Amino acid sequence: MNFDFSDDQKMLKEQVRKFLADKCPMSVTRRVLEKEEPYAAEVWKGLVEMGLTGTAIPEEFGGLGLGALELCVIAEELGRAAAPVPFSSSIYLAAEALRLFGTQKQKETWLPKLASGEIIGTLAVSEGTHAAHPRNIAVKLAGGKVTGVKQPVADGGAASVAIVAVNTGGAGEQAVSLAIVDLKAGGVSSEPVRTIDPSRQHVTLTLKDAPAEILGDKQGEGWSQLSRILDGAAVLFAFEQVGGAEAALEMARDYSLERYAFGRQIGSYQAIKHKLADIYVKKELAKSNAYFGAMMLNDEGAELPEAAAASRIAGSDAYVFAAQENVQTHGGIGYTWESDCQFHYRRAKLLALAVGASIQWKEKLVSRLEAKNAA
Amino acid sequence: MNFDFSDDQKMLKEQVRKFLADKCPMSVTRRVLEKEEPYAAEVWKGLVEMGLTGTAIPEEFGGLGLGALELCVIAEELGRAAAPVPFSSSIYLAAEALRLFGTQKQKETWLPKLASGEIIGTLAVSEGTHAAHPRNIAVKLAGGKVTGVKQPVADGGAASVAIVAVNTGGAGEQAVSLAIVDLKAGGVSSEPVRTIDPSRQHVTLTLKDAPAEILGDKQGEGWSQLSRILDGAAVLFAFEQVGGAEAALEMARDYSLERYAFGRQIGSYQAIKHKLADIYVKKELAKSNAYFGAMMLNDEGAELPEAAAASRIAGSDAYVFAAQENVQTHGGIGYTWESDCQFHYRRAKLLALAVGASIQWKEKLVSRLEAKNAA
Amino acid sequence: MDFNDTTEEAAYRAQVRAWLDKNATRKENARDIAPPKDLKEMIAQSKAWQAKKADAGYACITWPKEWGGGGGTTIDNVIYSQEESKYAVPGGIFAIGLGMCIPTVMSWGADEAKERFVRPAVRGDEIWCQLFSEPAGGSDVAGLRTKAEKDGDDWVINGQKVWTSGAHFCDYGILLTRTDPNVPKHKGLTMFWIDMKDPAVEVRPIKQMSGGAEFNEVFFTNLRVKDSQRLGKEGDGWKVALTTLMNERLAVGGSQGNADTDELIALARNTDIAGEPAIRHGGVRERIADWYVQAQGLKFTRFRTLTALSRGETPGPESSISKIVAAKKMQDLGSFGMDLQDMGGVIRDRKISPEEGAYTEQWIGAAGYRIAGGTDEILRNIVAERVLGLPQDIRVDKDLPFNQAPKGK
Amino acid sequence: MDFNDTTEEAAYRAQVRAWLDKNATRKENARDIAPPKDLKEMIAQSKAWQAKKADAGYACITWPKEWGGGGGTTIDNVIYSQEESKYAVPGGIFAIGLGMCIPTVMSWGADEAKERFVRPAVRGDEIWCQLFSEPAGGSDVAGLRTKAEKDGDDWVINGQKVWTSGAHFCDYGILLTRTDPNVPKHKGLTMFWIDMKDPAVEVRPIKQMSGGAEFNEVFFTNLRVKDSQRLGKEGDGWKVALTTLMNERLAVGGSQGNADTDELIALARNTDIAGEPAIRHGGVRERIADWYVQAQGLKFTRFRTLTALSRGETPGPESSISKIVAAKKMQDLGSFGMDLQDMGGVIRDRKISPEEGAYTEQWIGAAGYRIAGGTDEILRNIVAERVLGLPQDIRVDKDLPFNQAPKGK
């Protein structure tokens, strides 16, 4: 039984943690949120210099050629710090999409720049306030040009390249393809859109005859490609959620030890003790599911879809609950702008929706379980 | 605003409560459960002598001609006592079915005997472990004879007459009719079936060419009739559930005051205080919904279906939660056979399934809300 | 059982409607009336409307006429509020003053104080705020630290209050202070009325997570008050405060958000899950049913309370459940409305999000509503203790002198 | 990351499998082996199997060979249990004795006692039970009242214990008594080993809500024990008991029911809601997903613990969440399985109900499982205090002499 990270991976985790504790305290997240910066440039620079952006990108494309497990430990620390950086968009989504499905040429073009942090990438799926689903993909690709509006797109303002879910005609899933759009080429405009968590910039991406090419070489495979990309991202986001839940739990725990009511630490009241115990329970369930997700992702295991869904469902539940009850534990002060509670409250819900809501993932999970159960 | 019971109704409630407190303590429920008696004969006799069985039956058929509100206050007290009597089967179900849909002749034949308690009646819908639905009604009525198996049937052993949901051929809801079956005539055999709550006897009712007639004069209307009958019963059962929840809450409260742990009454610990507060909250939500159900039932109001569903959903939730957490509050002793906690634990779940599970009622409720919302 | 008025109630309601029709505009006809352009105008409009109500006997309906009230019954008051809520009239900047502060002045103030303050407050000429909560206090109100020290015939007050709504536009306030730190915390408190315009009083708005700022911090630096401004005896402050707090429920309104099950049904019709309309999803339907049942339960619980009032009885404790249920429902329903929008649910833009962003706003607002005026946890304690008769939790500081009781930073 | 054995582990597993194949029958081939016809036969079979294991070094695998153990590692023990669970072998009547009692004897007993008792217990020749809980005790174990009074060189014991599993067939037990009521409760306790066959010991089965009777009450009437039967010093009973309780988790197995999400999927395929297959109902699907995720979470939490053991590290505190999650899930899943059967869900008949009544049985059993060996509430206290480092609740009886501490009836 070897169901844990290796010493090297734990060491990497420790390095990232130290770096973020030092360079990315909550005051940085606050600055980005209040000043509406696209992201914390100096933190991003540091992460790039540590080579983290290249972690899982093959060496032939300028990366370190490490695996998903290394990305997982990095993700957990980014989550713990609620770091205001485009790592998830650029690496979990854009780079992974290219690594998995890009042609040799496409990889050569984009992966080295993403690995070196020279550019930022993102994934654009959503077109407003409707679920991600083939029927809701209206942005068109025809004659090498993309037209339509994607919203919200995380880091769409800072990104130079986007993997865009497009409609290439046809029925149902076959209608969907993934296109690579060079956002610095013509036909692209982006407008920041206000979200619940301004520490992570989102934009409305308007494409008008923007030059684009299909990711990979066959069109009409976008939906299944997207599904694999989101499975991987779900696992990585789950580690961010575990880190975030742990941080929110620690905030609540520390406050409950220093805050007194009726002559006692509020942490000595069962209402608080059991609340925090419940957070801990959800957080551990999330962590254990995420570990299995990491293993399946790293091995490209057959159970990746179930493991990814389980990681996402448990991760979203744990972090949102932890963030909400952290505010509750703090009482009035926790609801003020000056309190840092708000950053986890915002980020938790942002991550819970980022690659789709749990209610959608539960459908996906149970469909897989049904199939197995029938077999 | 006059959203409460009248003084007369409250006085009736008080009488019933006194009678049951005196004649039907938990030791009687225990006796019926342990000795597997069909019901507590002496308690039933007392209720009959008080004239309660005739409460809502019109005077011309030997009843008192009072309304649903009087039945509601009686139901709440029967629930509080977890009384082991066939009142619900005979009155909420059989008598109400006849009162609502019977022909003059059918009413003259059966209602006086039900009112006087000379006989007991019941309703037979379920045919095993599948939801009540037209597609699951296989018991056939043809040529004035019923054949098939109903299971479980509450009080089917003690009853002399049953309103039986039967299949009279045709499509969907039109296939269902309600039939009156004289259980003392031929072709009927009943075998007790073990349930989670032996203090209320249930049987497997086997009908073999048993003589029967359609309730009312038109066949194929059974499903809509049944739906109205169950709406009424849902409200009355909701009052039983409110009474039961209140009794379970009082048991838990009293125990938490007399039981000490670590030198304190366990009722002084927030874990217990908040648990009991949560029971109280659910119980009050159930009571307020049940009040509206009572009003709609009494007025045959247009909102009866929504009100009945809401009463049932809130009532089942409150009583099951109260009963479960009452055991939990008692700790080990609460799980023993000698403890009275078991009677609420069993009865709560029995009532929650008696006229259908909440998940079925929620579908019904939301369909109504959709229709309204569209309008 | 019915929802009808008694004859007297019906008559009163008719009279109220007639008056409102003459003096105000029904909401459905008020769409193109411009909202007040700033705080100043809002206050002016509110004062004018309050004065009108006072002249007609609809301000403080249950108070005796000699104090400027309406000399009516509780149910009269309920009926008036029900009717007024259908009209576009300025909102509750007097709620705390008339609901909590002035009743305290009336029960504990010197006769001169009553003469001086009650009528102007009823007419809305002067606005009052309540100054109890402190940073160190929170749920433990009596743990407050603001000092009042005797100096000749005056008192000198130093310290800080927090969560004071309206402090920035109020004329007067009632202030709970610690006058003796050497006795147990409940025994060393004293209440005063103060002039909020005094230069020794500094008001700073508190910005909330939502971005709004409805509350304030209030700082006192050597604020001098006369002993005649005392409300109740020295050291009786807690007893006095209870008069005020008994009425707190009235004052803690707070929007519970604009999205409920009707809106949710509409949203579910217009969104999908795994490619099917969300409204067909059984889990969505169960939530709609559960929240509908909760909302109905609260509504009919209110009706039970009103019935008691209408019958001249004292309402039961059932009304205490309202906020416990409403606050969590507000948060969960808001959160779920966002989930139905899937990836787009993170958007916080009235022009883009369904119901003008109602789901997002109430999910954020609920984080505060679950705390304001009694946290979920404190309210459960109250139900357990006052309704179910369970013992108080152990109070280690009960008999300790305040300055020796354990405190956080 | 992988689930594979290390080379040593793989070798040990192979050896264990070989031995089990030779000495036991795999479950799938054991269907027509008749279960023991009565308690006597069950005990005889269990003892025989335990002796076999002891001879092969598979009884008490982690204990030193000189005490009859296997001299192996914790992970060896895990591997053996994993493999044994695939075979039809007699079950855990030795779990409490070897898991809790004998370790206590080994750490605190006199040398003669160890010599006399350890080896026979390991071989299963003698069975032990644990006598701590009392009617007045419950979660507050140290609140026990069973008296042991010095009489010359003996002790005379009077009182009652409860929830003692196996008391009716055990040979010996360890008994926690109060020897000094005049000191605080934790200080006045003393531990003894006793002979369960002594006529002064009366065992009565406790019938449970489920109808089963796995536990007993045990009454002591002037039970005489020698001072040499003392385990640990007089007054050190609590310290001694902690040795035992540390291992309790091991002993509190208790079935978590036979229905989980696989069964639920099958049931949902075969039942309907509003006329549609239940498996198509989004709320049913969400529950399946949630419970599946919980089950996976617990499974992989165990794997994390095993990994630590396999690496020779001490496992983290994560294993403490298991029963908190499993007990409530057991109750809710059972209850929901009954709901899917609608009106028929009340039936409690293995021949009629799906999965031979598994849903009903686990719904009833869960009421006890949520309490046994630490209630939901106590387990949350433990997580909060031992894992999160939150303070203990106020202990009013901490320093009071036991006979002056507040008690219920």
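These legends walk through several close-up views of a predicted model.

**View 1. Chain C as a whole.**
Let's start with one complete chain before zooming in. Chain C contains twelve helices and ten strands. Its radius of gyration is 23 Å, close to the 22 Å that the globule rule gives for 409 residues, so chain C is as compact as a globular protein of that length. Measured out along its principal axes, the C-alpha trace of chain C spans about 75 × 50 × 45 Å. Of the 409 residues in chain C, 48% are buried. Which residues account for 70% of the contacts in chain C with a separation of 6 or more? They are residues 24 or more positions apart.

**View 2. C:Val225 and its surroundings.**
Here we look at a single residue of chain C. C:Val225 belongs to strand S7 of chain C, which covers residues 215–226. Is C:Val225 buried or exposed? C:Val225 has 21 C-beta neighbours inside 10 Å, and 20 or more are needed, so C:Val225 counts as buried. Leaving out residues up to four places away in sequence, C:Val225 touches C:Asp154, C:Trp155, C:Ile157, C:Phe192 and C:Ile194. C:Asp153 is another residue to find in this view: C:Val225 and C:Asp153 are 72 residues apart in sequence, while their C-alpha atoms are 9.0 Å apart in space.

**View 3. Helix H12 of chain C.**
Follow this helix from one end to the other. Helix H12 of chain C runs over residues 376–387. At 1.5 Å a residue, its twelve residues should span 16 Å, and the end C-alpha atoms are indeed 16 Å apart, which agrees. The buried residues of H12(C) are C:Glu377, C:Leu379, C:Arg380, C:Asn381, C:Val383 and C:Ala384. What covers these buried residues? The cover includes H8 of chain A, helix H8 (270–299) of chain B and helix H10 (322–340) of chain C. Just after H12(C), look for C:Gly389, which takes a positive phi of about 70°.

**View 4. Strand S4 of chain B and its two partners.**
Now for a strand in chain B. Strand S4 of chain B, residues 161–167, is mostly covered, with seven of its seven residues buried. B:Val161, B:Ile163, B:Ala165 and B:Asn167 point one way from S4(B), whereas B:Ala162, B:Val164 and B:Val166 point the other way. Strand S1 of chain B (residues 121–124) pairs with S4(B) in the parallel sense over four bridges. Within that pairing, B:Thr122 has B:Ala162 in S4(B) as its bridge partner. Strand S5 of chain B (residues 176–182) also pairs with S4(B), but in the antiparallel sense and over seven bridges. Across from B:Val164 stands B:Ala179 in S5(B).

**View 5. B:Val181 and the largest nonpolar core.**
In soluble globular proteins, nonpolar side chains tend to be buried together. The largest nonpolar core of this model has 388 residues. Which of them touch the most other members? They are A:Val164, A:Ala179, A:Val181, B:Val164, B:Ala179 and B:Val181. Take B:Val181 as an example: apart from neighbours within four places in sequence, B:Val181 is in contact with B:Val146, B:Val161, B:Ala162, B:Val164, B:Leu207, B:Ala210 and B:Ala212.

**View 6. Strand S5 of chain A.**
Here is a strand with two pairings to trace. Strand S5 of chain A, residues 176–182, is mostly covered: six of its seven residues are buried. With strand S4 of chain A (residues 161–167), S5(A) pairs in the antiparallel sense over seven bridges. One pair to look for is A:Ala162 and its bridge partner in S5(A), A:Val181. With strand S7 of chain A (residues 202–214), S5(A) pairs in the antiparallel sense over three bridges. There, A:Ile180 stands opposite A:Glu213 in S7(A).

**View 7. Where chain A meets chain D.**
In this view, 37 residues of chain A are in contact with 38 residues of chain D. On the chain A side, helices H7 (222–258), H8 (270–299), H9 (304–330) and H11 (358–374) each supply at least two residues. H8(A) gives the most, with 16 residues. By class, this side of chain A has 19 nonpolar, eleven polar and seven charged residues.

**View 8. Where chain A meets chain C.**Finally, 43 residues of chain A are in contact with 46 residues of chain C. Strand S8 (260–261), H9, helix H10 (341–354) and H11 of chain A each supply at least two residues of the chain A side. H10(A) provides the largest share, six residues. The residues of this side of chain A divide into 19 nonpolar, 16 polar and eight charged.

Definitions and conventions: Residues numbered from 1 in each chain as written. Chains lettered and ligands numbered in written order. Predicted model: local features only at pLDDT ≥ 70, side-chain atom pairs only at ≥ 80, totals over all residues. Contact = placed C-beta atoms within 7 Å. Nonpolar A, V, L, I, M, F, W, Y, C, P; charged D, E, K, R; others polar. Core = buried A, V, L, I, M, F, W, Y, C linked by C-beta atoms within 7 Å. Buried ≥ 20, exposed ≤ 12 C-beta atoms within 10 Å, placed from the backbone. Pairing = 2+ DSSP bridges. Rg over C-alpha atoms; globule rule 2.2 N^0.38 Å. Expected span 1.5 Å × (residues − 1).
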